[in-house]
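Welcome, and please open the structure in your viewer. We will walk through it selection by selection.

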Amino acid sequence: MAKKKGNELQFDRIGYWSEVKLDIIREYCSAYSRILTNQRGLSHVYVDAFSGAGEHVRKDTSELVPGSPLNALHVDPPFDRYVLIDLDGAKVDHLQQQVAKTGRADRVQILHANCNQVLLEKVLPSIRYESFQRGLVVLDPYGLHLDWQVLATAGKSGVVEVFLNFPIMDMNRNALWRNPDAVGPDAQARMTRFWGDESWRSGAYKVQRGLFGEVPEKLDNNAVVDAFRKRLRDAAGFSFVHEPMPMRNEQGAVVYYLFFAGPNRTGAKIVSDIFRKHANRTS
Ligand SMILES: C[S@@+](CC[C@H](N)C(=O)[O-])C[C@H]1O[C@@H](n2cnc3c(N)ncnc32)[C@H](O)[C@@H]1O
């Protein structure tokens, strides 16, 4: 995670699994923008809600790697509009400088803001079926920083596709403990805000009847992910929610799952091909 010394930006140091994510999203952006550009009368927007500084440092070699907003800015044909959001002022400043170098800054709006607020108040309401708009929204938080309402609003719009970093490691470390009674109220509240209601409890635990009454038993990652996938379909209203791709670190542990959800079969089919291409990548 990027840290600031005073006002100075330190880049995020990323592992290869982040580069797999970056490649997947870049390839999808490219296909999406090509398809939407060919559909006369439609305008398409790319939204990066947790956009970062626009560049990262590769952990093993210390090389600079372009981040998701810069990758999206470089696709041809470009999106009609880009909205890039980050809460960190030093990152926003750096991103601004990188965007200026792309020659496409006139299409870009950079917001130094809490994405949960601006997405709900301004950005998502501006992507409307009636005004022939379509949107691709990338939601890539470090952990449990997303508000479910964002997903629910995107799903119900019928015109927005999302990539979501589902932060299973943060969940398991902070909220989904074997003994749920030991989890603090803050962590429980963050889980509820991300999930949208308290149903994460039944998604992550099953009740076992024992000698001493009912005991909650923690379910595995697959059960948690399946429960959330169902929620994206049934509660947020996305017609197509692809089986998410597990992103693993060098030890093989799943750091997060990459979800794709949208209103069209075509999007899900393209994502299938891209996921398949990058599955089992180890560098
Ligand atoms: C994992 S990084 C994003 C990396 C980027 N998507 C990429 O792949 O190049 C997460 C970013 O979210 C930002 N962030 C955290 N909470 C936020 C919030 N509530 N609203 C907007 N940005 C936030 C952090 O400052 C950080 O830059």
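Start by selecting helix α4 and colouring its buried residues, which are C115, N116, V118, L119 and V123. Bear in mind as you look that this is a predicted model.

Now show what surrounds those side chains. The buried residues of α4 pack against four strands, β4 (43–48), β7 (81–86), β8 (108–112) and β9 (133–139), and against the helices α5 and α7.

Before leaving the helix, step to its N-terminal end and select N114, which caps α4 there. Draw a distance from a side-chain oxygen of N114 to the backbone nitrogen of N116, and you should read 3.0 Å.

**The α4 and α5 pair**

Next, select α4 (residues 115–123) together with α5 (residues 148–157). Two packed helices are described by the angle between their axes and the distance between the axes. For this pair, the angle is about 30 degrees and the axes are 9 Å apart. Angles under 35 degrees count as roughly parallel, so α4 is roughly parallel to α5. The crossing of the two helices is left-handed.

Which residues meet where α4 and α5 touch? Show N116, L119 and L120 on the α4 side, then Q149, V150 and T153 on the α5 side. By type, the residues of this contact divide into 3 nonpolar, 3 polar and no charged. N116 and L119 will look familiar, as both were among the buried residues of α4.

**W148**

Stay in α5 and select W148. Is W148 buried or exposed? Its relative accessible area is 5%, so W148 is buried. To see its surroundings, leave aside the neighbours within four places in sequence and display R193, F194, W195, G196, F228, R231, L232, A235 and A236, with which W148 is in contact. For a sense of scale, add N165: it is 17 residues from W148 in sequence, and the two C-alpha atoms are 13 Å apart.

**E198**

R231, one of the contacts of W148, leads to the next stop. Select E198, in the loop between α7 (185–195) and α8 (200–204). From E198 to R231 the C-alpha distance is 12 Å, with their positions 33 residues apart in sequence. E198 has a relative accessible area of 44%, so this residue is partly exposed. Show the side chains of E198 and R201 as well: a polar contact of 2.6 Å joins them.

**N71 and a cis peptide**

Move to helix α2 (residues 68–73) and pick N71. Because its relative accessibility is 11%, N71 counts as buried. Beyond its neighbours within four places in sequence, N71 is in contact with L22, R26 and P66.

Then follow the chain to P77, in the loop between α2 and β7. Zoom in on the bond between D76 and P77, a cis peptide bond with omega about -5 degrees.

**Two positive phi angles**

Finish with two backbone stops. Select S62, in the loop between β5 (55–58) and β6 (64–66). Its phi is near 65 degrees, a positive value in a residue other than glycine. S62 counts as partly exposed because its relative accessibility is 45%.

Last, select F132, in the loop between α4 and β9. F132 is not a glycine, yet its phi is positive at about 60 degrees. From here you can return to β9, one of the strands that the buried residues of α4 pack against.

Conventions:
Residues are numbered from 1 along each chain as its sequence is written. This is a predicted model: local features need pLDDT of at least 70, side-chain atom pairs count only at pLDDT 80 or more; totals for chains, interfaces and linings use all residues. Side-chain values use heavy atoms; hydrogens and water are left out. Axes are lines fitted to C-alpha atoms, for helices over the stretch in contact, and angles run from 0 to 180 degrees between N-to-C directions. Angles under 35 degrees count as roughly parallel, over 145 as roughly antiparallel, 65 to 115 as roughly perpendicular and the rest as oblique. A crossing is left-handed if the near helix is turned anticlockwise from the far one by less than a right angle, and right-handed if clockwise. Contact means heavy atoms within 4.5 Å. Ala, Val, Leu, Ile, Met, Phe, Trp, Tyr, Cys and Pro count as nonpolar, Asp, Glu, Lys and Arg as charged, and the others, Gly among them, as polar. Buried means under 20% relative accessible area, exposed over 50%, partly exposed in between (1.4 Å probe, protein chains only). A polar contact is a pair of N or O atoms within 3.5 Å; within protein, one must be able to donate a hydrogen and the other to accept it, and residues adjacent in sequence count only if both atoms are side-chain atoms.
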